[in-house]
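User: I would like a close look at a single part of this protein and at how that part sits among its neighbours. Please take me through the packing in one connected account.

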Amino acid sequence: MGKPLIYEILEKPASSSVIGICSLIWFFIQKRSIGYGDVGLSYEAAMEGGQYWRIITSALSHISVVHLVFNMSALWSLGVVEQLGQIGLGVEYYLHYTLVLVVLSGLLVLGFYHVMIQKFRVEYFRRVTAVGYSCVVFGWMTILATKQPSSKLNLFGVLSLPISFAPFESLIFTSIMVPQASFIGHLSGIIVGYSIAWGLVHGMNNYWAITMLGWIALVFVLSLKRTGSMELRFIEIEPVTDPSLPSVGVVASRNGRTLQMDVLPRRGVADIV
């Protein structure tokens, strides 16, 4: 018989919190009938439209319940990282580098898209929209595979994979079984994961984590304000008019405030990450 759930939650506080946040966001998305184009990350929206806040919203958002369950099941298993303080991991390490994984994997995805669009002229990658926490999940798989290769990854309580092979096994499996799965998104998570595990990205502590979180919050809010996605009266930014960019406004309705959006063309393709 395993431990009671409450004890496992207490042993994995950071993982449990992320699972709770992602689940609440999924519930909100379902209640408000929000789609991929509203929260997902695309080159056109982020790089050409200045909607940098999508790097964060895309990572924490899931549209499909199956996608949510798969990612959260893997994340729960990877929460063992929080219990490995004796080898230099632990809760603080988990929190610090989760922040790094979210940001760097999102930026790397955009970098891949940029190369495919500008160098190889593949316009498909201009509008493809990615959502999901898989970049971070694949990053932690990679870190754990490097730091603790004897561990196993348990999915849904029935499938157990050797962690040393899990990143690339999962990459191939999801690409075959789920055609919409973002190969670039998953690969980005693996690359950032190896960069952290091999010490290419290092030096995170509480000071740098809080500083990084502050800059993320600032860019998030300012990009929301600048792109008109949220009304913040206490922040004034000189408007930049460009008829090719979408317009977003808040109008009054009988039920309160309603968000009215003229979003980017719905010609994009959704990628699950």
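The part I have in mind is helix 11, residues 183-197, and I would like to know which residues it meets in helix 7, helix 9 and helix 10.

Analyst: The account below starts with the chain as a whole, goes on to helix 11 and its partners, and ends with some single residues elsewhere.

The model is a predicted one, and its protein chain has twelve helices and six strands. Of the 273 residues in that chain, 44% count as buried. Among the contacts in the chain with a separation of 6 or more, 72% are accounted for by residues 24 or more positions apart. The UniProt record, an unreviewed entry, carries the annotation "transmembrane region" for residues 52-74, 94-117, 124-143, 155-176, 183-201 and 207-224. One of these spans, residues 183-201, is 79% helix and 0% strand in the model, and its end C-alpha atoms lie 23 Å apart. Another, residues 52-74, is 74% helix and 0% strand, with 27 Å between its end C-alpha atoms.

Two packed helices are described by the angle between their axes and the distance between the axes, and the three pairings of helix 11 can be taken in turn on that basis.

With helix 9, which covers residues 134-147, helix 11 packs at an angle of about 40 degrees, and the two axes are 7 Å apart. The crossing of this pair is right-handed. On the side of helix 9 the contact is made by Ser134, Cys135, Phe138, Gly139, Thr142, Ile143, Thr146 and Lys147, and on the side of helix 11 by Gly185, His186, Gly189, Ile190, Gly193, Tyr194, Ile196 and Ala197. Sorted by class, the residues of this contact are seven nonpolar, eight polar and one charged.

With helix 7, residues 91-118, the axis of helix 11 comes within 8 Å, and the two cross at roughly 130 degrees. That angle makes helix 7 oblique to helix 11, and the crossing here is again described as right-handed. Helix 7 contributes Tyr93, Tyr97, Val100, Leu101, Leu104, Ser105, Leu108, Val109, Phe112 and Tyr113 to the contact, while helix 11 contributes Ile184, Gly185, Ser188, Gly189, Ile191, Val192, Gly193 and Ile196. This contact has 13 nonpolar and five polar residues, and no charged ones.

With helix 10, residues 166-177, helix 11 packs at an angle of about 175 degrees, with the axes 10 Å apart. Angles over 145 degrees count as roughly antiparallel, and helix 10 and helix 11 are therefore roughly antiparallel to each other. In this pairing Pro167, Phe168, Leu171, Thr174 and Ser175 of helix 10 meet Phe183, His186, Leu187, Ile190 and Tyr194 of helix 11. By class, the residues of the contact are seven nonpolar and three polar, with no charged residue.

A single residue of helix 11 can be followed more closely, namely Ile191. Its relative accessibility is 34%, so Ile191 counts as partly exposed. Once its neighbours within four places in sequence are set aside, Ile191 is in contact with Leu108 and Phe112, and both of these residues belong to the helix 7 side of the contact with helix 11. The C-alpha atom of Ile191 is separated by 9.7 Å from that of Cys135, which is 56 residues away along the chain.

Helix 9 also leads on to a residue in another helix. Ser134, which belongs to the helix 9 side of the contact with helix 11, is touched by His67. The place of His67 is in helix 6, residues 65-78, and with a relative accessible area of 8% His67 is buried. Not counting residues up to four places away in sequence, His67 touches His62, Val131, Gly132, Ser134, Ile272 and Val273.

Two loop residues deserve a separate note on the backbone. Most residues other than glycine have a negative phi. Arg121, however, is not a glycine and has a positive phi of about 60 degrees; this residue lies in the loop between helix 7 and helix 8, the latter covering residues 124-127. At 61% relative accessibility, Arg121 counts as exposed. Ser33 likewise has a positive phi, near 55 degrees, and is found in the loop between helix 2 (13-32) and helix 3 (36-39). With 62% relative accessibility, Ser33 also counts as exposed.

Technical notes. Residues numbered from 1 in each chain as written. Predicted model: local features only at pLDDT ≥ 70, side-chain atom pairs only at ≥ 80, totals over all residues. Heavy atoms only, no water. Axes fitted to C-alpha atoms, helices over the stretch in contact; angles between N-to-C directions. Helix = DSSP H or I, 4+ residues; strand = E, 2+ residues; numbered from the N terminus. Left-handed = near helix turned anticlockwise from the far one by under 90°. Contact = heavy atoms within 4.5 Å. Nonpolar A, V, L, I, M, F, W, Y, C, P; charged D, E, K, R; others polar. Parallel < 35°, antiparallel > 145°, perpendicular 65-115°, else oblique. UniProt positions renumbered as here; feature names shortened; annotations may be inferred. Buried < 20%, exposed > 50% of the residue type's maximum accessible area, 1.4 Å probe, protein only.
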